[in-house]
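Grab a coffee and open the viewer. Below is a set of short exercises, each followed by a worked solution.

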Amino acid sequence: MKSKDAKLLNGLALAYIGDAIYELEIRRYLLETGETKPQHLHRLATEYVSARGQAKIIKYFQEEAILTEEELDYFKRGRNSKINTKAKNTDIHRYLQSTGFEALMGYLYLTKQEERLEELIMKSIRHIDEEEGRK
């Protein structure tokens, strides 16, 4: 997909791919830590990829002014999307925040901003690890 085409996608389409990319990177990270037990991997992964975790990350990004104006626009495009489903295991506010986070990840991936995507994923991992007392 060309970058200009990716920029035209709606927030939910960006979140669709962003969810997959972010979860794949989290799974890779967890395997690199040496963990191999599936149940433990799943439990750890949910700390990073759940709506709760992603809402914490985006709040941190906003408080620390980590995102550019353009990145904030794509986050808001996802956050402000009309959701036609009921949020599972969380409230609607967190669900929309996480949708915005995933849209941002999708935007960076589809526009081939690999270095920035990797940077934000690593900041996300460090933030959740700190929140959970792991590092």
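**Exercise 1. Placing a serine**

In which loop does S81 lie? Find it in this predicted model, then work out its surroundings.

*Solution.*
- Step 1: S81 sits in the loop between α5 and α6 (92–110).
- Step 2: check the exposure. S81 has 13% relative accessibility, so it counts as buried, the cut-off being under 20%.
- Step 3: look for a polar partner. A polar atom of the S81 side chain lies 2.9 Å from the backbone oxygen of R77.
- Step 4: list the contacts, skipping neighbours within four places in sequence. That leaves G11, L12 and L96.

**Exercise 2. The overall fold**

Describe the chain as a whole: its secondary structure, its dimensions and its surface.

*Solution.*
- Step 1: count the elements. There are seven helices and zero strands, so the pattern along the sequence reads α-α-α-α-α-α-α.
- Step 2: get the dimensions. The C-alpha trace spans about 40 × 30 × 30 Å along its principal axes.
- Step 3: test for a compact globule. For 135 residues the rule expects a radius of gyration near 14 Å, and the chain has 14 Å, so the two agree.
- Step 4: look inside. Of the 135 residues, 44% count as buried. Among contacts with a separation of 6 or more, 71% are between residues 24 or more positions apart.
- Step 5: look at the outside. The chain exposes about 8,000 Å², with 50% of that supplied by carbon and sulfur atoms.

**Exercise 3. Salt bridges**

How many salt bridges does the count come to? Take K7–E70, R28–E25 and R116–E71 as your examples, and say for each where the partners sit.

*Solution.*
- Step 1: the principle. Side chains of opposite charge can pair when their charged atoms come close.
- Step 2: the total. The count comes to nine salt bridges.
- Step 3: K7 with E70. Their closest N and O atoms are 3.8 Å apart, which means the pair falls within the 4 Å limit. This salt bridge links distant parts of the chain: K7 is in the loop between α1 (3–6) and α2 (11–32), while E70 belongs to helix α5 (residues 69–79), 63 residues apart. Both ends are partly exposed, K7 with a relative accessible area of 34% and E70 at 36%.
- Step 4: R28 with E25. This salt bridge has an N to O distance of 2.7 Å. Both residues lie in helix α2, three residues apart, or about one turn of the helix. R28 is partly exposed, with a relative accessible area of 42%.
- Step 5: R116 with E71. The N to O distance of this salt bridge is 2.7 Å. Here distant parts of the chain are linked again, R116 being in helix α7 (residues 114–131) and E71 in helix α5, 45 residues apart. Both R116 and E71 are buried.
- Step 6: look for shared partners. Salt bridges of that kind join K56, E131 and E132 into one network.

**Exercise 4. Aromatic pairs**

How many aromatic pairs does the count come to? Classify Y29–Y48 and F61–F101 by geometry, then see which rings form a cluster.

*Solution.*
- Step 1: the total is five aromatic pairs.
- Step 2: Y29 with Y48. The ring centres are 6.1 Å apart and the planes make an angle of 75°. Over 60 degrees counts as edge-to-face, so Y29 and Y48 form an edge-to-face pair.
- Step 3: place that pair. Y29 is in helix α2 and Y48 in helix α3 (residues 38–49), 19 residues apart, so the pair links distant parts of the chain. Y29 counts as buried at 13% relative accessibility, and Y48 counts as buried at 1%.
- Step 4: F61 with F101. The ring centres lie 6.4 Å apart with the planes at 40°, so this pair is tilted.
- Step 5: place the second pair. F61 comes from helix α4 (residues 51–63) and F101 from helix α6, 40 residues apart, linking distant parts of the chain. F61 is buried at 0% relative accessibility, and F101 is buried with a relative accessible area of 0%.
- Step 6: follow the ring pairs onward. They link Y22, Y60, F61 and F101 into a cluster.

How values were computed: Residues are numbered from 1 along each chain as its sequence is written. This is a predicted model: local features need pLDDT of at least 70, side-chain atom pairs count only at pLDDT 80 or more; totals for chains, interfaces and linings use all residues. Side-chain values use heavy atoms; hydrogens and water are left out. A salt bridge is a side-chain nitrogen of Lys or Arg within 4 Å of a carboxyl oxygen of Asp or Glu. Helices (H or I, at least four residues) and strands (E, at least two) are DSSP runs, numbered from the N terminus. Buried means under 20% relative accessible area, exposed over 50%, partly exposed in between (1.4 Å probe, protein chains only). A polar contact is a pair of N or O atoms within 3.5 Å; within protein, one must be able to donate a hydrogen and the other to accept it, and residues adjacent in sequence count only if both atoms are side-chain atoms. Contact means heavy atoms within 4.5 Å. The radius of gyration is taken over C-alpha atoms; the globule rule is 2.2 Å times the number of residues to the power 0.38. Accessible areas come from the Shrake-Rupley method with a 1.4 Å probe; for residues, only the protein chains shown count as cover. Rings of Phe, Tyr and Trp (its six-membered ring) pair if their centres lie within 6.5 Å; planes under 30 degrees apart count as stacked, over 60 as edge-to-face and the rest as tilted.
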